Amino acid sequence: MTSSVAVTGITGNAPSALQVGVDIKHTWRGDLVIDLIAPDGSAYRMKNSSSSDSADNVITTYTVNASTEVANGTWKLQVRDVYSYDTGYIDSWKLTF
Ligand SMILES: [Ca+2]
Ligand SMILES: [Ca+2]
């Protein structure tokens, strides 16, 4: 599953400490691999899967060094569920430049 956000009105590149707030509801969060996709398609891994992490939900803020990316454009949160059974959805997410 992916969710997009359009960024406009920011001059130059994204910061070296781009804040990516995510709220993903899921019944076994170890299933999830989470990437931030920059407007040019570059992927930044924020979370890997972990078969032993049975806790619910990913509600946190990741810090990504996105300083080589132009800020304006369409950013995507890409969440892949790499194991069966448990499922979930992106409740909300935001970028803070
Ligand atoms: Ca790039
Ligand atoms: Ca699953």
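## Basis of the description

A residue is called buried under 20% relative accessible area, exposed over 50%, and partly exposed in between, with a 1.4 Å probe and protein chains only. By this definition Ser42, at 25% relative accessibility, counts as partly exposed.

The model is predicted: local features need pLDDT of at least 70, side-chain atom pairs count only at pLDDT 80 or more, and totals for chains, interfaces and linings use all residues. Residues are numbered from 1 along each chain as its sequence is written, chains are lettered from A and ligands numbered from 1 in the order in which they are written, and side-chain values use heavy atoms, with hydrogens and water left out.

## The site of calcium ion (ligand 1)

Donors are N, O and S atoms within 2.8 Å of the metal (3.2 Å for Na, K and Ca); water is not among the atoms, so sites may look incomplete. For the calcium ion (ligand 1), the protein donors are Asp40 (OD), Asp40 (OD), Ser42 (OG), Glu69 (OE) and Glu69 (OE), at 2.3 to 3.0 Å. The spacing of these donor residues in sequence is D-x1-S-x26-E.

Ser42 and Glu69, 27 residues apart, link distant parts of the chain. Ser42 lies in the loop between strand 3 and strand 4 (43–47), and Glu69 in the loop between strand 5 (58–64) and strand 6. Strands (E, at least two residues) and helices (H or I, at least four) are DSSP runs, numbered from the N terminus. Glu69 counts as buried, at 4% relative accessibility.

## The site of calcium ion (ligand 2)

The calcium ion (ligand 2) has as protein donors Asp31 (OD), Asp81 (OD), Asp81 (OD), Tyr83 (O), Ser84 (O) and Asp86 (O), which lie 2.2 to 3.1 Å from the ion. Angles among the six donor atoms run from 52 to 167°, and the site is irregular. Irregular covers anything that is not tetrahedral (four donors, all angles between 85 and 135 degrees), square planar (four donors) or octahedral (six donors), the last two requiring opposite donors over 155 degrees apart and all others between 65 and 115.

The donor residues follow the spacing D-x49-D-x1-Y-S-x1-D. Here Asp31, in the loop between strand 2 (18–26) and strand 3 (32–37), and Asp86, in the loop between strand 6 (73–81) and strand 7 (88–96), link parts of the chain 55 residues apart. Asp31 is buried at 4% relative accessibility, whereas Asp86 is partly exposed at 22%.

## The open sheet

Strands of a sheet pair through backbone hydrogen bonds, either parallel or antiparallel. In this model, four strands in the order 1-6-3-4 form an open sheet with antiparallel pairing. Strand 1 (2–7) and strand 4 are the edge strands, each pairing on one side only.

Two strands pair if DSSP finds at least two bridges between them. Strand 3 and strand 4 pair over four bridges in the antiparallel sense, and Asp35 stands opposite Arg45 in strand 4.

## The nonpolar core

A nonpolar core is a set of buried Ala, Val, Leu, Ile, Met, Phe, Trp, Tyr and Cys residues joined through side-chain atoms within 4.5 Å. The largest one has 22 residues, of which Val20, Ile24, Ile34, Leu36, Trp75, Leu77 and Trp93 touch the most other members. Strand 2, strand 3, strand 4, strand 5, strand 6 and strand 7 each give two or more residues to this core, and strand 2 supplies the largest share, four residues.

Contact means heavy atoms within 4.5 Å. Not counting residues up to four places away in sequence, Leu36 touches residues including Val20, Ser42, Tyr44, Trp75 and Trp93.
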